[in-house]
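Me: Please take a close look at the salt bridges here. For each pair you describe, give the distance, the position in the chain where you can, and how far the partners are covered.

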Amino acid sequence: KKYLLVACRNLWRNKVFSGINIVGLSVGLACCMLILLYLKDEVSFDRFHKNQAQIFRITSAMTRPDGETNRTGITGKMPGPEFKASIPEIESYLRIQGNGYTIRNNNEIFDQSALVVDENFFSVFSFPLVEGTAAGALNNIHSVVLTEATAKKYFGQKKAVGQVLQLKNGDVFEPFVVTAVAKTIPQNSSIQFEMLVPMKYEDSKNNDTEWVNFYLNTFVVLRQGADWKKVAAKF
């Protein structure tokens, strides 16, 4: 009690000096806490995926005539299947492409963003579902997977699995069946989506076989114990 009383008297006696110290200490502690929270959020990204230690994204290095090299995380469609076929350390591959669709639902028209993905999307990335099953959800070229918010947008409180959305292809609308609903995507995921469309659907319209194209992300899952540097050297 006496120590506290003396401390309070000293603080009161040196108001300006005490105020500067207290405010400075408070600001310093607040900054440290914010930095720690920011770092915790940053390092948590994509850590919830079951196979995260084995998942790698293929990058492309483009060298200009003047010698300047730009490295980017995008490729075309060919590296995934070709590298999987020729490099035994690669267990599987997955391609992800951003796209947009015009959707008709009950005579209403919507613009909808989507990711076009290979059918093994849910076996590579651990996004839980609230409706449907991950196995085979994207096997049919006329299937789609929605998130909870997107399902509610189109169907309200009704069960979404089994419902049909019309996606515009050229001048016609094609029916797509909702096969699963994904749980709301965590904020600390670098992959965010509202709807998933099978890559096979886009391949049926344009099966790109060019190597020097850059418009999608290609991920590979390496086998247990594989050295990613040795795998990259084989590319």
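The reply below takes the pairs in turn and ends with a nonpolar patch.

Reply: This is a predicted model, in which local features need pLDDT of at least 70 and side-chain atom pairs count only at pLDDT 80 or more, while totals for chains, interfaces and linings use all residues. Residues are numbered from 1 along each chain as its sequence is written, and side-chain values use heavy atoms, with hydrogens and water left out.

A salt bridge here is a side-chain nitrogen of Lys or Arg within 4 Å of a carboxyl oxygen of Asp or Glu. By this rule the count comes to seven. One of them joins R64 and D66, with 2.7 Å between the closest N and O atoms. These two residues also belong, with E68, to a network of salt bridges. Coverage is graded by relative accessible area, with buried under 20%, exposed over 50% and partly exposed in between (1.4 Å probe, protein chains only). R64 is therefore partly exposed, at 42%, and D66 is exposed, at 51%.

Another pair is K234 with E89, where the closest N and O atoms are also 2.7 Å apart. This pair links distant parts of the chain, 145 residues apart: K234 is in helix α7 (residues 228–234), and E89 is in the loop between α3 (79–86) and β4 (90–105). Helices (H or I, at least four residues) and strands (E, at least two) are DSSP runs, numbered from the N terminus. K234 is partly exposed because its relative accessibility is 46%; E89, at 21%, is partly exposed as well.

The side chains of E202 and K205 meet at 3.4 Å, N to O. Here both partners lie in one helix, α6 (residues 199–205), three residues apart, or about one turn. Why does E202 count as buried? Its relative accessibility is 12%, and the limit for buried is under 20%. K205 is partly exposed, at 39%.

Residues that form salt bridges are left out of surface patches, which are made of residues with over 30% relative accessible area; like charges are joined within 9 Å, and nonpolar side chains (Val, Leu, Ile, Met, Phe, Trp, Tyr) within 5 Å. One nonpolar patch, of about 380 Å², is made by M62, W211, V212 and F214, with areas from the Shrake-Rupley method (1.4 Å probe), for which only the protein chains shown count as cover for residues. M62 sits in strand β2 (residues 60–63) and is partly exposed, at 32%.
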